[in-house]
Amino acid sequence: MSPSESSSPQPAPTAVPAADGDAATPAALTARAPHVPAERLVAEMVPPPRFQGARFDTYIPDPKQPSQAEAVQVLSDFAESIEGGRATPEKRRWFARKPAAPKGPRGVYLDGGYGVGKTHLLASLWHATPAPAERKAFGTFVELTNLVGALGFQQTVRTLGEHRLLCIDEFELDDPGDTVLVSTLLGKLVDAGVALAATSNTLPGKLGEGRFAAADFLREIQGLSAQFRPLRIDGEDYRHRGLPEAPAPYDDETVTRTAYRTPGASLDDFPSLLEHLSTVHPSRYGAMCDGIEAVCLTDVQAVPDQSTALRLVVLADRLYDREVPVLTSGKAFDELFSEEMLRGGYRKKYFRAISRLTALARDAGALVADGSR
């Protein structure tokens with residue numbers, strides 16, 4: 001049995017007795033190593049729970065950034081241009097005119113820094129496209145490459161080739177090998193008539209978040225450049241607009257008591273969780289969080305190396321997708337990654353993780369407040 005199939009559960013932090021009527025002993029993420037069949041990977045290619053309610057009319061454009069309102073209009077029009085494919089040939093009247101092929105690019109690329117609402121807009125496009133859910137796919141770049149690994153390239157082409165729309169969030173321009181793989185896949189899907197939409201990370205060494213992302217994206221996907229219309233979305237990280245700074249970490253006792261008091265909470269010490277992540281394939285991190293309503297972590301420390309840091313980024317994304325609050329003791333989230341990491345090739349991923357974990361830490365404050373009443 002491979003390391004990713006099983007692992008030795010790590011001990012949870014020292015238990016704090018719960019008061020009468022409190023929740024049961026919290027779960028431990030370090031005791032979970034789920035198996036995820038390929039069929040589930042396909043079925044779960046939908047907007048994550050955080051964006052299930054995302055719609056164009058729930059996206060609030062910043063009045064100081066006209067490009068945001070413009071993006072909403074362009075994407076709305078794009079959604080309407082995609083044939084839903086609900087009507088079967090048998091149901092069409094014999095004299096019905098065949099729909100004209102849509103004009104212009106069959107793909108859109110959302111260009112902007114993190115926190116400007118690109119994922120919200122991408123999910124809104126998925127929801128607005130007039131096609132059944134089973135003929136639309138939504139996933140991150142990592143989830144798409146995991147799907148290829150699970151199904152094989154040709155089967156992935158056959159499966160996604162039956163879709164009307166594929167949305168790819170966080171296209172990884174910093175991974176040349178996977179970029180070429182996905183670029184080839186997208187070429188096959190375009191030939192099959194699939195509409196495409198994507199967001200991506202900025203390549204390393206670029207000044208300004210997102211400023212050069214569109215040109216880099218179009219170059220990296222090689223012959224598909226003509227299929228994409230870049231949409232610039234300016235703005236600051238919405239998670240920081242008018243909100244307080246990230247809350248300070250709590251002490252171990254507060255985190256542990258809150259975990260025992262909160263139904264569906266998990267409780268782990270951070271170093272053990274990082275070690276456990278190395279034994280579970282990142283494609284399984286979402287399943288590892290199934291049923292978890294809050295994540296409580298003690299002894300948060302700086303991440304020791306880049307491989308560990310990248311695994312933590314994936315976990316942060318899955319927790320953020322599911323709106324799972326994160327309560328911690330130890331170091332603050334802006335101390336997770338070294339200065340060298342924040343200057344390096346994966347810096348945008350790390351800043352995104354800090355931003356998302358900070359938002360989840362704010363959410364976790366309510367858990368502590370509830371317990372103090």
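Student: I'd like to start inside the protein. Which residues line the largest cavity?

Tutor: Good place to begin. In this predicted model, the lining of the largest cavity is made up of L29, F270, L273, V295, L297, L312, L315, L319, V326, F333 and L357. The cavity itself has a volume of about 60 Å³, and the count of cavities of 30 Å³ or more comes to one.

Student: What is the chemical character of that lining: nonpolar, polar or charged?

Tutor: The lining residues divide into eleven nonpolar, no polar and no charged.

Student: And which element gives the most to the lining?

Tutor: That is helix α11, with three residues. At least two residues each come from α9, β7 and α11 (306-321).

Student: β7 is a strand. How should I read strands that sit side by side?

Tutor: The general idea first: strands of a sheet pair through backbone hydrogen bonds, either parallel or antiparallel. Here, three strands form an open sheet in the order β6-β7-β8, with parallel pairing. Its edge strands, β6 (265-269) and β8 (326-330), each pair on one side only. From one strand to the next, the twist averages 15 degrees.

Student: How many bridges join β6 and β7?

Tutor: Five bridges, in the parallel sense, with β7 covering residues 294-300. To find the register in the viewer, look for A265, which stands opposite A294 in β7. Then look for helix α9 (residues 270-277), which lies across β6 and β7 and runs at about 110 degrees to β7.

Student: Where is a strand with both faces covered?

Tutor: Remember the general pattern: in a regular strand the side chains alternate between the two faces of the sheet. Now take β4 (residues 195-200), where six of the six residues are buried. On one side sit A195, A197 and T199, on the other L196, A198 and S200, and all are buried.

Student: Which strands does β4 pair with?

Tutor: Strand β1 (residues 107-111) pairs with β4 in the parallel sense over four bridges, and V108 has A197 as its bridge partner there. Strand β3 also pairs with β4 in the parallel sense, over five bridges. In that pairing L165 stands opposite A195.

Student: Now helices. How do I tell which way a helix faces?

Tutor: An α-helix has 3.6 residues a turn, so residues three or four places apart point the same way. Try helix α4 (residues 141-151), whose buried residues are F141, L144, T145, N146, L147 and V148. These buried residues pack against α1 (38-43), β2 (136-140), α5 (153-160), β3 (165-171) and α6 (176-191).

Student: What follows α4?

Tutor: G152 does, and its phi is positive, near 90 degrees.

Student: How should I read a positive phi?

Tutor: Most residues other than glycine have a negative phi. Two residues here are worth a look. E170, in strand β3, has a positive phi of about 60 degrees although it is not a glycine. D299, in strand β7, also has a positive phi, near 60 degrees, and is not a glycine either.

Student: Are those two buried or partly exposed?

Tutor: E170 counts as buried because its relative accessibility is 8%, and the cut-off for buried is under 20%. D299 is partly exposed, with a relative accessible area of 35%.

Student: Is R318 buried or exposed?

Tutor: R318, in helix α11, is buried, with a relative accessible area of 7%. Leaving aside residues up to four places away in sequence, R318 touches T140, E143, Y285 and G286.

Student: And G291: buried or exposed?

Tutor: G291 is exposed, with a relative accessible area of 59%. You will find G291 in the loop between α10 (285-288) and β7.

Student: How can I see the fold bringing distant parts of the chain together?

Tutor: Compare separation along the chain with separation in space. G291 and A27 are 264 residues apart along the chain, while their C-alpha atoms are separated by 9.7 Å.

How values were computed: Residues are numbered from 1 along each chain as its sequence is written. This is a predicted model: local features need pLDDT of at least 70, side-chain atom pairs count only at pLDDT 80 or more; totals for chains, interfaces and linings use all residues. Side-chain values use heavy atoms; hydrogens and water are left out. Two strands pair if DSSP finds at least two bridges between them. Axes are lines fitted to C-alpha atoms, for helices over the stretch in contact, and angles run from 0 to 180 degrees between N-to-C directions. Contact means heavy atoms within 4.5 Å. On a 1 Å grid over the protein atoms alone, a cavity is a set of points where a 1.4 Å probe fits but cannot get out, and a pocket is an open set with protein on both sides within 12 Å along at least five of seven lines; lining residues have an atom within 4 Å of a point. Grid points are joined across faces, edges and corners, and a volume is the space filled by probe spheres set on the points. Ala, Val, Leu, Ile, Met, Phe, Trp, Tyr, Cys and Pro count as nonpolar, Asp, Glu, Lys and Arg as charged, and the others, Gly among them, as polar. Buried means under 20% relative accessible area, exposed over 50%, partly exposed in between (1.4 Å probe, protein chains only).
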